[in-house]
Amino acid sequence: MSPGSCDNRPALPWREKRASIHRLLGAPQTGCQRIRVYERGFSSNHSIMTQFKNPVREWNSSAYHRLSQPQVTWGKKVLSRLRLRGDELVLDAGCGTGRLTADLLQALPGGRVVALDVSQNMARSAREFLQPQFGGRARVIVADLVDLPFAAVFDGIVSTAAFHWVLDHDRLFRGLFQSLRPGGWLQAQCGGGQNIARLTRRMDALASKADFAPFLAGFPSPWLYQNAEGASETLRRAGFIDIQTSLESAPTLLDDRRHYAEFVKTVIVRTHLERLPVARLRDLYVSELADQAANDDPPFLLDYWRLNLSARKP
Ligand SMILES: C[S@@+](CC[C@H](N)C(=O)[O-])C[C@H]1O[C@@H](n2cnc3c(N)ncnc32)[C@H](O)[C@@H]1O
């Protein structure tokens with residue numbers, strides 16, 4: 001039985017959840033159904049899977065919306081790679097506040113997008129941003145990329161600046177593969193290779209200083225930066241074909257000290273700051289990084305590297 005076809009098997013537990021999935025995706029609820037979901041799928045209100053806010057997963061979404069021009073610039077290049085008919089159902093995996101989801105929806109005049117994020121703040125901001133413009137064509141859900149509740153649902157998956165926050169790429173790519181219909185595509189970009197290596201060295205040095213060591217010494221990296229070969233192999237293990245991966249340098253110059261400090265605090269060292277117990281230490285940590293960046297030539301340059309991923313489900 002192909003994943004997208006009808007079958008006459010007796011009701012299985014996942015079927016009980018199917019009606020809410022159909023409401024979520026706006027798909028017809030009668031006749032031959034091609035949407036499958038596992039029992040562990042959506043909660044009964046089918047929009048919030050994470051019941052309690054997990055601070056490490058939360059973002060200051062209004063600050064991110066304002067500061068995310070670098071991510072939006074990179075993401076627009078990823079969207080320009082898409083070859084769309086215009087009526088597809090696409091997953092935006094790690095949508096943030098939805099700035100790029102909006103561009104994706106504009107390229108899909110007859111299609112729909114499920115925008116997914118693990119952060120409730122991000123999802124709420126994305127909902128507020130997208131639904132007045134796109135109504136039911138945009139659905140925003142809170143879910144974890146390592147526990148995707150879809151099976152053979154999407155024509156395509158887009159993801160930008162999100163996968164490096166997921167430490168288990170085998171599990172991530174298996175879930176994405178499973179979420180795609182046969183023939184479905186993945187176009188993504190995330191941090192990779194030597195991404196922010198200079199900043200990371202500075203963060204490591206700070207973690208051993210007396211002020212920060214009690215909270216940050218031994219704190220494992222919250223990011224996984226694969227290289228092109230490693231990512232290609234991980235996609236292949238998940239079952240993908242037509243795999244293309246590449247690294248590109250994306251040096252990003254911020255305007256001044258204030259912009260640098262706010263950007264680094266909101267986008268990069270969020271989880272490190274969570275571990276520091278008082279505002280004085282959090283301010284000191286960001287200030288030390290900004291001081292060092294001020295002495296660089298040019299000052300306030302982030303040494304970003306992006307990993308491009310393109311693949312297809314057979
Ligand atoms: C830097 S933002 C990128 C947002 C948007 N794609 C963009 O390019 O502006 C990374 C996003 O990935 C989300 N994210 C990180 N880990 C995730 C996970 N395990 N499951 C779902 N979303 C995740 C974060 O909550 C955040 O919204």
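In this predicted model, helix α5 sits across strands β2 and β3, and its direction makes an angle of about 170° with β3. Helix α4 does something similar over a wider patch: it lies across β1 (89-93), β2 (112-117), β3 and β4, running at about 165° to β2.

The strands under these helices belong to an open sheet of seven strands, lined up in the order β3-β2-β1-β4-β5-β9-β6, with mixed pairing. At the edges are β3 (138-142) and β6 (241-249), each of which pairs on one side only. Going from one strand to the next, the twist averages 15°. As a bit of background, strands of a sheet pair through backbone hydrogen bonds, either parallel or antiparallel. Here, β4 (residues 154-160) and β5 run parallel and are joined by six bridges.

One place to zoom in on is W185, which is part of strand β5 (residues 180-191). Its bridge partner is G156. Along the chain these two are 29 residues apart, yet their C-alpha atoms are 4.6 Å apart in space. Setting aside neighbours within four places in sequence, W185 is in contact with G156 and R312. W185 counts as buried because 22 other C-beta atoms lie within 10 Å, where the cut-off is 20 or more.

Zooming back out, the protein chain has 314 residues, and buried ones make up 40% of them. Its secondary structure adds up to 12 helices and nine strands. Of the contacts between residues at least 6 apart in sequence, 76% link residues at least 24 apart.

What about the inside? In soluble globular proteins, nonpolar side chains tend to be buried together. The largest nonpolar core in this model contains 58 residues, and V90, A115, I157 and L176 have the most contacts inside it. Helix α5 (residues 120-134) supplies the largest share of this core, with six residues. There is also a second, separate core of 17 residues, with F263, I268, A290 and A293 among them. Back in the largest core, V90 has quite a list of partners: beyond residues up to four places away in sequence, V90 touches L104, L108, G111, V113, F154, D155, G156, I157 and V158.

Finally, there is the ligand, which is surrounded by 21 residues, the closest being G94, G96, V118, L145 and A162. The elements giving two or more residues to this shell are α3 (69-80) and α4 (99-106). By type, the shell splits into 11 nonpolar, seven polar and three charged residues.

Notes: Residues numbered from 1 in each chain as written. Predicted model: local features only at pLDDT ≥ 70, side-chain atom pairs only at ≥ 80, totals over all residues. Near = placed C-beta within 6 Å. Helix = DSSP H or I, 4+ residues; strand = E, 2+ residues; numbered from the N terminus. Nonpolar A, V, L, I, M, F, W, Y, C, P; charged D, E, K, R; others polar. Buried ≥ 20, exposed ≤ 12 C-beta atoms within 10 Å, placed from the backbone. Contact = placed C-beta atoms within 7 Å. Core = buried A, V, L, I, M, F, W, Y, C linked by C-beta atoms within 7 Å. Pairing = 2+ DSSP bridges. Axes fitted to C-alpha atoms, helices over the stretch in contact; angles between N-to-C directions.
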